[in-house]
Number of protein chains: 4
Amino acid sequence: MTKGIKIATIGGGSSYTPELVEGFIKRYSELPVRELWLVDVEAGREKLEIVGQLAKRMIEKSGLPIEVHLTLDRKAALKDADFVTTQFRVGLLDARAKDERIPMKYGVLGQETNGPGGLFKGLRTIPVILDICHDMEELCPNAWLINFTNPAGMVTEAVLRYSNINKVVGLCNVPIGMEMGIAKLLDVEHSRVRIDFAGLNHMVYGLDVYVDGVSVKDEVINLLTDPNNSSFVKNIQGQGWEPSFIKALDVLTCPYHMYYYKTREMLEKDLKNFENGETRAEVVQKLEKDLFELYKDPNLDIKPPQLEKRGGAYYSDAAVRLITSIYNDKRDIQPVNTRNNGAIASLPDDSAVEVSCVITKEGPKPISVGDLPVAVRGLVQQIKSFERVAAEAAVTGDYDKAVLALTINPLVASDKLAKQIVDEMLEAHKEHLPQFFKVVEA
Amino acid sequence: MTKGIKIATIGGGSSYTPELVEGFIKRYSELPVRELWLVDVEAGREKLEIVGQLAKRMIEKSGLPIEVHLTLDRKAALKDADFVTTQFRVGLLDARAKDERIPMKYGVLGQETNGPGGLFKGLRTIPVILDICHDMEELCPNAWLINFTNPAGMVTEAVLRYSNINKVVGLCNVPIGMEMGIAKLLDVEHSRVRIDFAGLNHMVYGLDVYVDGVSVKDEVINLLTDPNNSSFVKNIQGQGWEPSFIKALDVLTCPYHMYYYKTREMLEKDLKNFENGETRAEVVQKLEKDLFELYKDPNLDIKPPQLEKRGGAYYSDAAVRLITSIYNDKRDIQPVNTRNNGAIASLPDDSAVEVSCVITKEGPKPISVGDLPVAVRGLVQQIKSFERVAAEAAVTGDYDKAVLALTINPLVASDKLAKQIVDEMLEAHKEHLPQFFKVVEA
Amino acid sequence: MTKGIKIATIGGGSSYTPELVEGFIKRYSELPVRELWLVDVEAGREKLEIVGQLAKRMIEKSGLPIEVHLTLDRKAALKDADFVTTQFRVGLLDARAKDERIPMKYGVLGQETNGPGGLFKGLRTIPVILDICHDMEELCPNAWLINFTNPAGMVTEAVLRYSNINKVVGLCNVPIGMEMGIAKLLDVEHSRVRIDFAGLNHMVYGLDVYVDGVSVKDEVINLLTDPNNSSFVKNIQGQGWEPSFIKALDVLTCPYHMYYYKTREMLEKDLKNFENGETRAEVVQKLEKDLFELYKDPNLDIKPPQLEKRGGAYYSDAAVRLITSIYNDKRDIQPVNTRNNGAIASLPDDSAVEVSCVITKEGPKPISVGDLPVAVRGLVQQIKSFERVAAEAAVTGDYDKAVLALTINPLVASDKLAKQIVDEMLEAHKEHLPQFFKVVEA
Amino acid sequence: MTKGIKIATIGGGSSYTPELVEGFIKRYSELPVRELWLVDVEAGREKLEIVGQLAKRMIEKSGLPIEVHLTLDRKAALKDADFVTTQFRVGLLDARAKDERIPMKYGVLGQETNGPGGLFKGLRTIPVILDICHDMEELCPNAWLINFTNPAGMVTEAVLRYSNINKVVGLCNVPIGMEMGIAKLLDVEHSRVRIDFAGLNHMVYGLDVYVDGVSVKDEVINLLTDPNNSSFVKNIQGQGWEPSFIKALDVLTCPYHMYYYKTREMLEKDLKNFENGETRAEVVQKLEKDLFELYKDPNLDIKPPQLEKRGGAYYSDAAVRLITSIYNDKRDIQPVNTRNNGAIASLPDDSAVEVSCVITKEGPKPISVGDLPVAVRGLVQQIKSFERVAAEAAVTGDYDKAVLALTINPLVASDKLAKQIVDEMLEAHKEHLPQFFKVVEA
């Protein structure tokens, strides 16, 4: 890497790209990026062009010697890359809208990383990511793959299990968001807060939380369950937990736990949004349209503040922070998705887990967790079962496995519903699921 | 045990007792019972008297030198017992009716061993069984405790974890029923069928199935998913599985799996029964009334065939079969609830599991299972989490733990619902849950 | 297997064969053998002829319809076999003599299944057994391989890890000998004694011992350490343990434990034998010569009693007992070498262990052991490390791995000694170790 | 800790104390020590006085506001301490001389942390450390215990298992020495070298080694086995390994591995020293005498360079480095002895292991190792077995367990030798082993 670093960003036309570019600019002194290749597919050509020009303006303003390349030629982008980041969305937001709306028809939660939506996003994404891995083996075998395409847990699992790429890390902005929420709750600087994370992507728990290294978990749980505090908590968490539940659970939850510990309430809420035409995809489609209008402005040469509303805040920042730590062998602690290697007891050694790791030049090294608390062990294992069966279905195109995955998903829990939903969603996403529609001629 | 065997049956006034007595008579040549003590509480005095007299008539008819003792004095019954069987029901069928009806009001399944009903049956039963264990330590420290009071898994877990009694086995008639169903499906003698059982009580899977020692699992799964076979399967299983689901699952399920893999369908069915006043408790109350009328007949000296409808068929037979194997160090294979001891990977060594065991004079020795199939590992772990938190709540009377247990139960999955149901059920069962109502005076 | 059973015995010219034949005759009613194929290599032709004719006379005397085939054509013997037993010795007793004598020159124990001798017997045997497995895949894919060629643990490990044959069982007469010794010690019938075996081949412990199913371990350990008993114990065990040691160990040992818990004493004894020209190979060579003289007698039609002195008593009997249980799905308990599958904690799931198993038609199913006692866990793990590295050396012909295996063997424990011994023994056994002498031309 | 830090150093009269004091001076800006209490027993009064005055002169020279207290009153020293360091030696160097000389008489290695010497040092030390723990519970329950009294692994195991103190870390200078050796071998700065350590105290392996975060393990192993390099390697390591062995082992060893992988050579060397009156205790006794003469010089106010010859270089520095990291929640990586918590597979969760940890204010958090390489797993497990049985013997005074511990130690491996050595050493150390000489009157 002596000549400077080459980054290849798959899905470079994403609205998130300005945050990524901002991150590279901010951390340039530690992470001297020489080439940033933004690559996208034909369907994303226009977005790539718009966001790519903004990226170029941002770099130009910074005065840094970073070259920005825009291309539809993935192989050229991957060639000799040092880091490959992935933020693509197979089928774009239209596919997301289907993931959200179809399950609703069956009275099942529609969300893009959980339940049927998560399954189908995985089924569409995994073959593509494995294809990228295949190219990487040939074109940049020493590169690190930094994935933040959702469902990041299932995708990382698939890469670990079905590709020859070992240098993969799955990233999510949920843990960083949890830390920031706690910082706000305690009214301290974010940098003073540290959480021991353990679990899976979108199913991660904070086993302990520290300020300046001193555990404040009891205080945090008291604050979270204090009725005088409820509007503030709701503001941070979206919704409060029953005090009895969270006291007995005795660990911190992540926002996605709402789907599993408030299943009925979340479903009702989402059904209302569905009826009002306000599913998340619909909201985001509008936001994106506005964003790209902004991006087009030839005078814009910074990340526009409106991007934060988009929902993926800190995602790209987390990615650049991770890349910086790998590049510099920083050995700081970051929560990422990586191979378990015994860190969390009772999960397979070779499965992806989301856990606090020491970030070294040779990648993340998970800090030992031991056994998860009894009360959370079951749900974590169940989501891991779902992810593994789903990944297998994605790779093989095995219809029965897809039905099985959805049946054992706690948001579905019915073989009949699972079959109905799988049938309708397979048809709806047919274009992006060729593995399920192989023609077998006699 | 040279002078003959003493059996103490707690809950001796149960309608099942005639089956137990029949079992002792049938197996007398191998299991020379000298004393059978049927013990009950004051509230069960009348039933004890009725069923006890029937038991005496049955023994008399057999001509065997077995003494039947009827008593309300538990300590006298336990004194020097060789085997203690438990089949009591705290709060009788009225409590069951509450377990079934209250959850329904919240749109949650009402069933006596799963969900809220299972939790509350456990909360009521565990302190009593621990009290029995305490007496056993003093009065019959070498006796085996054969528990078939439900929820048998949670109860066995509690005995293993919170008593000093190691000689405990939890029994269930579900596995034997599964074997009989397969025998019917294949049209072979039951004795030729053997299943490798693994999982938890009411959450047990058949990992493989043999006829004369040869695996027939593939054939069985084909038969279960053959559309030409569906009415027959429905007859055996109550309901059929989606072929895709069961083929990909690739193991045999137990009837209680319907609650977890057909959650919505089961809920709808039960809501209908609930509205028609046909919950299971109501049906059973009627059946029991009829049975006891029959039992009163002074000419009746056999187990009446009507008992089989009661639903607990083979329960007592399984118990006598187990006792016979322990007594004779038979080393045959039986599925029971016992300490895991590493048999099922990723479940705690000291937790109760339901698994095929070799039955020796020193108790059941589980046959190694290794890892459960990926697809079932999660749900099993989740139910074990529930059982452990529930057992802890039962022992400590910790309200928060009760709410936690119910929140993580897959049939509830909502902290708010959990709290509401716990609140109403605690109040309804107040009389039998003193541990939750300890008066703390200032 | 409807037409009767075909057995193929590799190393059929062994002096043990009459015991095997006797076993098949005795158990014919349960195990209707139709064809017994005794197969050997060219170097064993004469022995095969002699022992084969005796086998034929024994069968004839029995009047049973068993055909005995003598052949040097291994493929013909394997074709459609139901069970394949292996009792061959690569390099015959001359090789054994080298295994025993060379280490002695370095002041290291010379024994055919432990230390350098065990390593080199493994290095010679494993390629041959893997070759047999390869043939079996093609010629009798459903057959069971019953191996009693030593070192049986290492050989079974190699088959499990490096062949496609899953139906393999390793057999040893040590456990049966331990049970018989205890029976003698307690003066009870052998059939009443049962031991819970766990560990590895020639490194197996009796975790508990029962008479009629009741634990008598404490009594046995008292008897073994009672000074009034010492001559009797010495008679059974060869030598007595320090009472303090065995009391604190609190499990039963096997004879081979002498090498590890009396290392210096055993070495001194063997050095004396070595100097007197009385190594075991020398003794056995003489015994064998006498045996084959006896076997030649055309009037001999039974297993001659002198065979018992040979040292392998009960070996063949154990094999026939095992085959009978598999064939009949007997589900009795026998100690065998099989895949661990979680039975012994902290040993790999896919490693060979020697453990009490339920013997079914689908093979042995280990009974869960859980954690081994702390004091024995280390030595067991160390021998397993040795076996695995040794098996890898045998398969790859990797010289460095052979040196490593011997260095970590507790009877050598020196890299310099290991290298010297490996060098001399590789040369001495060159003919039978082609994998270490592959010519690599430039 | 707001008012400045209080350190209590048990065994303050040790010749190492000047290094510790130097460490506190050097790191004062990060670690503002206010009080340093050097505490010793009556027998060490004179040494405490000498070294204590030197410490005071060193502090005075530094101009820092650190108070040095010299005392024989352990309770006063412990009262409200923030960190307790232990570097005492029960029975002083005379006891060490016995530990080294007695085993030699039986032809067994005499060394103070391995084999019989290690066992007896543990038996003497563990009751004292548990007594300190008991005082700490009362006097400074929030303090960290930093132990570098050997055998540090066994002592840490005993504290974890038999005291109520959780805040304990065992320290050793072996890992830091390995890193420095590698730095010398590669001719790079020590700070650029990092090793992934895993194993037990004095049985620790370097699983990988990095310069600036990049693995150089292959290069290091090549250098270590390059014949052109041998004199240099010997200089670093004392002695070279057989290239075949170390290549196949494929991990870095620590100096104490010589005892296990060159057992015979080390024994011969030590026997020679023994015959020449040059056992380590004898050498050290002379060194110490000289050191204390130096320390008496009232003009000396620095750590004299001669201390480095003493053999414990970097010990105290490692301790201060660790304390600094805990105090400041530094989250840097250091190798320490701590609770395994699943970091190393197949070792108990609650056992002490020596492993690379992240050092936080809440103590060391081990980085997950997963499975140790096959070839080293066995020896590590065996030493852990020894340590656990030895710790149990130390706590209970159970003679049989002491014999068992020594029999399973790979440097003894004989029940008869074990008994003889235990008998003679118990008698020789009688004064310091009261737990084995409890008078039981009738």
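## Two contact surfaces, worked through

About 2,200 Å² is buried between domain 1 of chain A and domain 2 of chain A, with carbon and sulfur atoms giving 75% of that area. Keep in mind that this is a predicted model. Let's work through this surface, and then the one between the chains.

### Exercise 1: the domains of chain A

**Task.** Describe how domain 1 and domain 2 of chain A are in contact, from residue counts down to a salt bridge.

**Solution.**

*Step 1, locate the parts.* The domain assignment gives 5-170 + 281-328 as domain 1 of chain A and 376-429 as domain 2. Their centres, taken over C-alpha atoms, are 26 Å apart.

*Step 2, count the residues.* Domain 1 brings 27 residues to the contact, and domain 2 brings 25. On the domain 1 side, A:Tyr106, A:Leu119 and A:Phe120 supply 27% of the area buried there, more than any other three residues.

*Step 3, look for polar links.* There are three salt bridges between the two domains. One of them can be checked against the cut-off: a Lys or Arg side-chain nitrogen must lie within 4 Å of an Asp or Glu carboxyl oxygen. A:Glu157 and A:Lys384 form a salt bridge with an N to O distance of 2.6 Å. Six residue pairs are in polar contact between the domains, with both residues at pLDDT 80 or more.

*Step 4, assign the elements.* On the domain 1 side, α4 (92-105), α5 (115-139) and α6 (152-162) of chain A each give two or more residues. The largest share, eleven residues, comes from α5(A). By residue class, this side divides into 16 nonpolar, five polar and six charged.

### Exercise 2: chain B against chain A

**Task.** Now do the same for the interface of chain B and chain A: how much area is buried, and which element of chain B gives the most residues?

**Solution.**

*Step 1, size up the contact.* Chain B and chain A contribute 42 residues each. The area buried between them is about 3,500 Å², and carbon and sulfur atoms give 56% of it. In chain B, the residues losing the most area to chain A are B:Glu242, B:Arg264 and B:Asp415, together 17% of what that side buries.

*Step 2, pair the charges.* The rule finds two salt bridges across this interface. In the one between B:Lys262 and A:Asp415, the closest N and O atoms are 2.8 Å apart. It also finds 21 residue pairs in polar contact, both residues at pLDDT 80 or more.

*Step 3, name the element.* The answer is α15(B), with ten residues. The chain B side as a whole divides into 19 nonpolar, eleven polar and twelve charged residues.

Conventions:
Residues numbered from 1 in each chain as written. Chains lettered and ligands numbered in written order. Predicted model: local features only at pLDDT ≥ 70, side-chain atom pairs only at ≥ 80, totals over all residues. Heavy atoms only, no water. Contact = heavy atoms within 4.5 Å. Buried area = accessible area lost by both parts, 1.4 Å probe. Polar contact = N/O pair within 3.5 Å; in protein donor to acceptor, adjacent residues only side chain to side chain. Helix = DSSP H or I, 4+ residues; strand = E, 2+ residues; numbered from the N terminus. Nonpolar A, V, L, I, M, F, W, Y, C, P; charged D, E, K, R; others polar. Domains from an automatic or database assignment.
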